[in-house]
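Trainee: I should like to go through this structure and ask, term by term, what justifies each description.

Mentor: Please do; let us begin by looking at it.

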Amino acid sequence: MSVPTSLDVEQARPRLRELTVVDVRTPGEFASGHLPDALNVPLDRLVRSLPELRPAAGRGALLIVCASGARSDSAVRTLASHGIPASSLTGGTEAWAAGGHALEYPGGGARPRAVWPMERQVRFAAGALVLLGLLLGLFLHPAFSLLSAAIGGGLVFSALTGTCGMAVVLGRLPFNRRGGEVRA
């Protein structure tokens, strides 16, 4: 059976009960609101979770979700390279919520304090490190400007490869790990 590589919110919503929804955001982002009945398998743990995801894909189609759709597209490509068909939710949880559809929260409780999406955390950290490198280079020693160059090089590498080392590092911080992970 052929599985589309992406579904938009209006295609996914009526099929939600027959799909296994896998959210690849960090546990902190997942705790800030996720699609109903979604499983949390952070992107950096996706390959380790293949033994659990393969049987889930055998029972029905996998719908991979993140905040905006970028990480879920990457996850769909990774799963496909391991022979597991899956679809990405176009626009992610942002599009789901913008469409007026409800999000769930761990424990069924009230909405917790939101964690910034990973893309925003990366932009903030990269910008802060570039400014720090420039300021230290101006006031202490010119060699500190190399910090800014290194961050710029990392961003270019990230764009060319579709990977992000800074996101992996930030994903391991305590506020991105709060809330129990749900395994597939």
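**The sheet and its surroundings**

Mentor: In this predicted model, five strands form an open sheet in the order E1-E5-E4-E2-E3, with parallel pairing.

Trainee: What makes strand E1 and strand E3 edge strands?

Mentor: Strand E1 (6-7) and strand E3 (39-40) each pair on one side only, and are therefore the edge strands.

Trainee: How do you know that E4 and E5 are paired, and what is the bridge partner of Leu 63 in E5?

Mentor: Pairing requires at least two bridges between two strands. Strand E4 (residues 62-65) and strand E5 (residues 86-89) have three bridges in the parallel sense, so the criterion of at least two is met. Within this pairing, Leu 63 has Ser 87 as its bridge partner in E5.

Trainee: Which strands does H4 touch, and how is its direction related to that of E5?

Mentor: H4 packs on the sheet and touches both E4 and E5, and its direction makes about 175° with that of E5. On a scale of N-to-C angles from 0 to 180 degrees, the value of about 175° therefore describes directions that are nearly opposite.

Trainee: What justifies calling E2 paired with E4 and with E3?

Mentor: E2 and E4 share four bridges in the parallel sense, while E2 and E3 share two, also parallel. Both counts satisfy the requirement of at least two, so both are pairs. As for individual residues, Val 21 stands opposite Leu 63 in E4, and Val 22 has Leu 39 as its bridge partner in E3.

Trainee: How many bridges join E1 and E5?

Mentor: E1 and E5 pair in the parallel sense over two bridges, which meets the criterion of at least two, so they count as a pair. Ser 6 stands opposite Ser 88 in E5.

Trainee: Which way do the residues of strand E2 point?

Mentor: From strand E2 (residues 20-23), Thr 20 and Val 22 point one way and Val 21 and Asp 23 the other, and all are buried. In E5, Ala 86 and Ser 88 point one way, Ser 87 and Leu 89 the other, and again all are buried. Such a pattern is expected because side chains in a regular strand alternate between the two faces of the sheet.

**Two residues in helices**

Trainee: Why is Leu 79 called buried?

Mentor: Leu 79 has a relative accessibility of 0%, and therefore counts as buried, the limit being under 20%. This residue lies in helix H4. Leaving aside residues up to four places away in sequence, Leu 79 touches Leu 46, Leu 50, Leu 53, Leu 62, Ile 64, Ile 84 and Ala 86. Leu 79 and Leu 50 are 29 residues apart in sequence, yet 8.0 Å apart in space, C-alpha to C-alpha.

Trainee: Why is Gln 121 called buried?

Mentor: Gln 121 has a relative accessible area of 6%, so it is buried under the limit of 20%. Gln 121 lies in helix H6. With residues up to four places away not counted, Gln 121 touches Val 115, Trp 116, Leu 170, Phe 175 and Asn 176.

**The largest pocket**

Trainee: What is the volume of the largest pocket, and which residues lie closest to its centre?

Mentor: The volume is about 550 Å³. The lining has 22 residues, of which Leu 43, Arg 71, Thr 163, Cys 164 and Ala 167 are the closest to the centre.

Trainee: Which helices supply at least two residues of the lining?

Mentor: Helix H4 (70-81), helix H6 (118-139), helix H7 (145-161) and helix H8 (165-171) each do so. H6 gives the most, with four residues. By class, the lining residues divide into ten nonpolar, six polar and six charged.

**The chain as a whole**

Trainee: How many helices and strands are in the chain?

Mentor: The chain has eight helices and five strands, following the pattern β-α-β-α-β-α-β-α-β-α-α-α-α along the sequence. Buried residues make up 41% of its 184 residues. Of the contacts with a separation of 6 or more, 68% join residues 24 or more positions apart.

How values were computed: Residues numbered from 1 in each chain as written. Predicted model: local features only at pLDDT ≥ 70, side-chain atom pairs only at ≥ 80, totals over all residues. Heavy atoms only, no water. 1 Å grid on protein atoms, 1.4 Å probe; cavity = no way out; pocket = protein on both sides within 12 Å on 5 of 7 lines; lining within 4 Å. Points joined across faces, edges and corners; volume = space filled by probe spheres on them. Nonpolar A, V, L, I, M, F, W, Y, C, P; charged D, E, K, R; others polar. Contact = heavy atoms within 4.5 Å. Buried < 20%, exposed > 50% of the residue type's maximum accessible area, 1.4 Å probe, protein only.
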